[in-house]
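Colleague: I would be grateful for a close look at one part of this model, namely the packing of its helices and the backbone around them. Please set out the details in a connected form.

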Amino acid sequence: MSTKTPNGLDKLGLKDIQEVYYNLSYDELQAHEINRGECKFSTTGSAMCDTGIFTGRSPKDKYFVDQPPSNQHIAWGEVNRPISKEVYEDLKEIALNQLSGKKIYIMDVFTGASKSSRRSIRFVTEVAWQAHFVKNMFIRPTEEELEDFEPDFTVYNACKAVDEKYKEHGLNSDVFVVFNIEEGVGLIGGTWYGGEMKKGIFSMMNYWLPLEGKLSMHCSANVGKEGDVCLFFGLSGTGKTTLSTDPNRALIGDDEHGWDDEGIFNFEGGCYAKVINLDPKSEPEIYQAITKDALLENVVADEAGNVDFTNASKTENTRVSYPIEHIKNHQPGLMAGHPNNIIFLTADAFGVLPPVSKLTKEQAMYYFLSGYTAKVAGTERGIDEPVATFSACFGEAFLPLHPTVYAELLGKKIDEHNVNVYLVNTGWTGGPYGVGKRMSIKDTRACIDGILNGSINDAEFEMLPIFNLRIPKSLEGVKDNTVLNPRNTWKDKEAYDETLKKLAKMFIDNFHRYDDKGSEFDYASAGPQL
C-alpha cells in the first residue's frame, strides 16, 4: 500500500486523522471495499455498490456562496441558488467534524486533458467506493505529477453528515452540495450519490473556462482517422452515446469536453453510463467495459454476482463508471484538434422535424440555447401527447453562468474554425408518438455518415417552412429519400402543418426567457417564425 502522504495535509482543517489512504491503486481500493463491506463483486469482476436513499443528483440542494467577485458572474435562479458566507461556514464545520478522527481517502486528480486548461482537484472522503468512483471518472496523475501536486479546488465529501439546522439556514433539506469559488472548496453532505462529485466539478469547469474565453460543453466527441473531430450534443434518450460510439472513429469522451486554442479535450478520464436494460448487442462497448476496476451502482445481482440489468427495483438510474481505457477504441491523450462538425441530437416525439438539417451559425446558437428534445407521453392519465423539454446548451443544470455566455462563445468558435453544424432528429417520423414510428437507426446512421464524410454538402437542399431549416433532398445510404422531408411521411398533411406550428410556438415561448439580453443578442430571428 502507498505510504506517501499528500502535500498540504495540514491545510485541510481536519483533526485527529487516524490514517490517510492516498491515491490508492485499484487493487488496494477493491480490497478496502471488500474488507469494509461496502461492495460485492459481479461475475465479470466489477465492484457493485449502493448509493443509499439518493440514486441520482439532488439539484434543489446545490448552492454557490454569494460573494464577490463570483456573484457578479453567476446566473442566480433555480439552477444556481445563493447561500451566505455564514451558512457556508456552518456547513463546512459539519463536514470537517464528520471527516475528523477518521480513516480518510484522498484522491488527487485532474479535470481537463489539456494542460493549458486543466485544474487540479482533491477529493476527501471516508468511503472507499467513492474514492474508486473518483479514480474512474477523473484524469489520473502520474507519480511524478503527484510529487508537486497542489489542488486548485478541494471537495470534502461528508456524505454521512446532514445539516440538522437546514430550516434555520433557509435551505431546501438536510442535504447540501455547496461551492465556494473564492476559497476553492466544495462540500457534500447527506447524499452518497457519486454523480454529485462528477457534476459538481463539471459545474466548476463551466464557471472557470468561459471566463478565460474557452468553451465548456456537455457533449460527446470522437475523431476520425484523418483527424476530423465531431461533437455530439443531446439530452437523455437522443442517442448521444450510441451515435458517438463508432468502430471507425476513436472516442475522445462521452460526456464533458472543453474547447480551447489547441482544440477539443475531455474533462474526464472515464465514462459514467446508464445500465438499465443494458443489452450486449445494442451497446457492446459499455457491456464489455464492465470488468475489473469498473464500479456498478444500485444494480441487482444474485448471490453468485450475476447482474440483472433489467431489474429497476432500486432505481431506473442504475449506472456504471469505468476508466476510459476500457473502451478499446479511445483517443490516446483524450484530446484532438478543432471540430469539423457539430451535431445537435433531438428525439422529436412530435414527428415534425427532419432527420437531418444544416444550420447557419445563428441557427446553431439558437438551437444550442434551446436545447430541445421531446419526451414521449407519460403514464399519467390525461397525458396522451409528447412533452417538449428545453435545457439550455443541452446541460442547463450545470451552467453557473448565463446560457448566452456559452452560446456567444460557440458562435465565435464556429466562425473562427469554419465548423459545420447540423440538427439531427432521432425521434419520430410519419406522425407523432403513437401514430408514427421511430426513425430507423439505419437512416440516422446514414445522416451521420453523410455529415462525417462531407457528402451532405454536395446535396441539393430545400427549406422546411416556419423553421426555415435546410433539408437535403437526397442522401447516400438513405433508402427512401422521401423520409428526409418529414411532411412527405405524414398521411394527414394538414395535421402535420398544424403540429409544426404547435412545436414552433413552443420554441418561441421558451425563447422569451432570453428577451432581456436585448438587441445585442437577438437570435430569435434564427428560430421558427409564425
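Modeller: The account below begins with one pair of helices and then turns to other helices and to the loops. Please note that the model is a predicted one.

Two packed helices are described by the angle between their axes and the distance between the axes. Helix H3 comprises residues 128–137 and helix H6 residues 195–208; their axes lie 9 Å apart and form an angle of about 45°. The two helices, H3 and H6, are therefore oblique to each other. The crossing in which H3 passes H6 is right-handed. On the H3 side, the contact is made by Gln130, Phe133, Val134 and Met137, and H6 contributes Gly195, Met197 and Lys198. Sorted by class, the residues in this contact of H3 with H6 are 4 nonpolar, 2 polar and 1 charged.

H3 also takes part in the surroundings of helix H1, since the buried residues of H1 pack against H3 as well as against strands S1 (19–22), S2 (40–41), S3 (47–49), S6 (103–111) and S21 (319–323). Within H1, which spans residues 26–35, the buried residues are Tyr26, Glu28, Leu29, Gln30, His32 and Glu33. An α-helix has 3.6 residues a turn, so residues three or four places apart point the same way.

The backbone on either side of H1 deserves attention. Asn23 is placed in the loop between S1 and H1, and its phi is positive, about 45°, although Asn23 is not a glycine. With a relative accessible area of 16%, Asn23 is buried, because the cut-off is under 20%. After H1 comes Gly37, with a positive phi near 70°.

Most residues other than glycine have a negative phi, and most peptide bonds are trans. Besides Asn23, Cys393 has a positive phi, near 60°, without being a glycine. Cys393 sits in the loop between strand S26 (387–390) and helix H10 (403–417), and its relative accessibility of 4% makes it buried. The peptide bond from Pro68 to Pro69 is cis, its omega being near 0°. Pro69 belongs to the loop between strand S4 (62–65) and strand S5 (81–83).

Finally, helix H2 (residues 85–99) contains Gln98. Gln98 counts as buried at 18% relative accessibility. Its side chain forms a polar contact of 2.7 Å with the side chain of Glu126. When neighbours within four places in sequence are left aside, the residues in contact with Gln98 are Glu126, Ala158, Lys160 and Ala161.

Conventions
Residues numbered from 1 in each chain as written. Predicted model: local features only at pLDDT ≥ 70, side-chain atom pairs only at ≥ 80, totals over all residues. Heavy atoms only, no water. Helix = DSSP H or I, 4+ residues; strand = E, 2+ residues; numbered from the N terminus. Buried < 20%, exposed > 50% of the residue type's maximum accessible area, 1.4 Å probe, protein only. Polar contact = N/O pair within 3.5 Å; in protein donor to acceptor, adjacent residues only side chain to side chain. Contact = heavy atoms within 4.5 Å. Axes fitted to C-alpha atoms, helices over the stretch in contact; angles between N-to-C directions. Parallel < 35°, antiparallel > 145°, perpendicular 65-115°, else oblique. Left-handed = near helix turned anticlockwise from the far one by under 90°. Nonpolar A, V, L, I, M, F, W, Y, C, P; charged D, E, K, R; others polar.
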